[in-house]
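I am opening these notes to keep track of what I look up as I go through the structure for the first time. Each entry takes up one topic and records what I found.

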Amino acid sequence: MSKPTILLTGSTGQVGGELLKLLPELGEVIAPSRSTLDLANPQSIRNTIRTIKPRWIVNPGAYTGVDKAETEPSLAHAINAEAIHTIGEEARNLGAGVIHFSTDYVFSGAGTTPYVETDTPSPVSVYGSTKLAGEKALAATGAGHLIFRTSWVYGTTGKNFLLTILKLARERDHLRIVGDQYGAPTWSRDLAEMTLQVIGRCEKATTTLPLSDVLSEVGGIYHASGRGETTWHGFAAEAIRIQNEKETTTPFAHTEAITTADYPTPAKRPANSRLNCNKLQQQFGWRMMHWQESLREVLDEL
């Protein structure tokens, strides 16, 4: 069987960059630049997909400015929702499969236990609302798809909480960090490796069934975030503790846990961002890394 053609969006982002390294194991990966594939431009999306005719469309591309989305709701909706509908329509017409990444921010955070896929979403920010709209738009097209909700993504490159904290911890003596929002940091590479396994399993199943039938059986929403739980302060404090073990000559900053009310932001954040990932493990045999394990690996690479 010939290897599939995979269209990858957002290849300069954290997850997209890791996928760009790994997906060639499965097939030919085409990762257009933003000038070629503009997620804010429906015709650009249609032209690209119709030219490439991929078997898989992997879409980590998104509008991710949580606070900025509060003042740019139209652009956020265009990229996070309307673009996903267009991708879904074109994928359905081709019989292609779509892998799309969503977020813990589709939930309000009012729950007291880790969210499961069947819990009712209730976003409290423009960003969360547009990501939920994207999930619904993709499902409405009838395209075969898998949606992976994740949380607190970070890695060795790009703009993320860990790299920001490490930079500030070198520059300052004291850092005040929110300690009453709970969730799990997720390594971008873990997400990419999970995606590789899922596509590989689906492709293996197509030896007896068409891809559309495979995705009708296993498709839908899955939660995919790091195991365990912590707070933003806990995440930062652990990273600084590990770095202090390595660099004893120049101690990093001391951290102080503060409340969400002490650090107001334009967009409201969920107090509970914990995601239950049992469905992913049961269906695809993939167990996400514990956040402390992945943190050590990322810090070793930095």
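The entries below go from the strands to the cores, then to three helix residues, and end with a pocket.

**Entry 1: the model.** I note at the start that I am working from a predicted model.

**Entry 2: strand β3 and its partners.** I began with β3, which covers residues 56-59, and looked up how it pairs. I found that β3 runs parallel to β1, with 3 bridges between the two, and that it is also parallel to β4, to which 4 bridges join it. For single positions I wrote down that W56 of β3 has I6 opposite, while V58 has I99 in β4 as its bridge partner. I then checked where the side chains of β3 go: W56 and V58 point one way, I57 and N59 point the other way, and all of them are buried.

**Entry 3: the largest nonpolar core.** V58 came up again when I turned to the largest nonpolar core, which holds 30 residues and in which V58 is among those that touch the most other members, together with L23, L146, F148, M194, C202 and L280. I listed the elements that give two or more residues to this core, and they include the strands β1, β3, β4 and β5 as well as the helices α1, α6, α7 and α9. The largest share comes from α6, with 7 residues. As general background, I keep in mind that nonpolar side chains in soluble globular proteins tend to be buried together.

I followed L280 further, setting aside neighbours within four places in sequence, and found that L280 is in contact with F148, M194, Y222, H223, A224, G285, W286 and M288. I also recorded a second, separate core of 24 residues, with L7, I45, A69 and A96 among its members.

**Entry 4: T48 in helix α2.** Is T48 buried or exposed? I placed T48 in helix α2, residues 42-52, and it counts as buried because its relative accessibility is 7%, where the cut-off for buried is under 20%. Beyond four places in sequence, T48 is in contact with L7, P32, T36 and L37; L7 is the residue I had already noted in the second core.

**Entry 5: G88 and E90 in helix α3.** I next looked at helix α3, residues 73-94, where G88 has its place. G88 has a relative accessible area of 0% and is therefore buried. Its contacts, leaving aside neighbours within four places in sequence, are L138, T141 and A143. I also compared G88 with I57 of the strand in Entry 2: the two are 31 residues apart in sequence, and their C-alpha atoms are 9.2 Å apart in space.

E90 is found in α3 too, and its relative accessible area of 3% is why I entered E90 as buried. Outside the span of four places in sequence, E90 touches R46, I49 and R50. Along the chain E90 and A76 are 14 residues apart, and their C-alpha atoms are separated by 21 Å.

**Entry 6: the second largest pocket.** Which residues lie closest to the centre of the second largest pocket? I first noted its volume, about 250 Å³, and then found that 19 residues line this pocket, of which G226, R227, L275, N276 and C277 are the closest to its centre. By class the lining has 7 nonpolar, 8 polar and 4 charged residues. Helix α9, residues 278-284, gives the most to this lining, with 3 residues, and I add that α9 is also one of the elements giving two or more residues to the core in Entry 3.

Technical notes. Residues are numbered from 1 along each chain as its sequence is written. This is a predicted model: local features need pLDDT of at least 70, side-chain atom pairs count only at pLDDT 80 or more; totals for chains, interfaces and linings use all residues. Side-chain values use heavy atoms; hydrogens and water are left out. On a 1 Å grid over the protein atoms alone, a cavity is a set of points where a 1.4 Å probe fits but cannot get out, and a pocket is an open set with protein on both sides within 12 Å along at least five of seven lines; lining residues have an atom within 4 Å of a point. Grid points are joined across faces, edges and corners, and a volume is the space filled by probe spheres set on the points. Ala, Val, Leu, Ile, Met, Phe, Trp, Tyr, Cys and Pro count as nonpolar, Asp, Glu, Lys and Arg as charged, and the others, Gly among them, as polar. A nonpolar core is a set of buried Ala, Val, Leu, Ile, Met, Phe, Trp, Tyr and Cys residues joined through side-chain atoms within 4.5 Å. Buried means under 20% relative accessible area, exposed over 50%, partly exposed in between (1.4 Å probe, protein chains only). Contact means heavy atoms within 4.5 Å. Two strands pair if DSSP finds at least two bridges between them.
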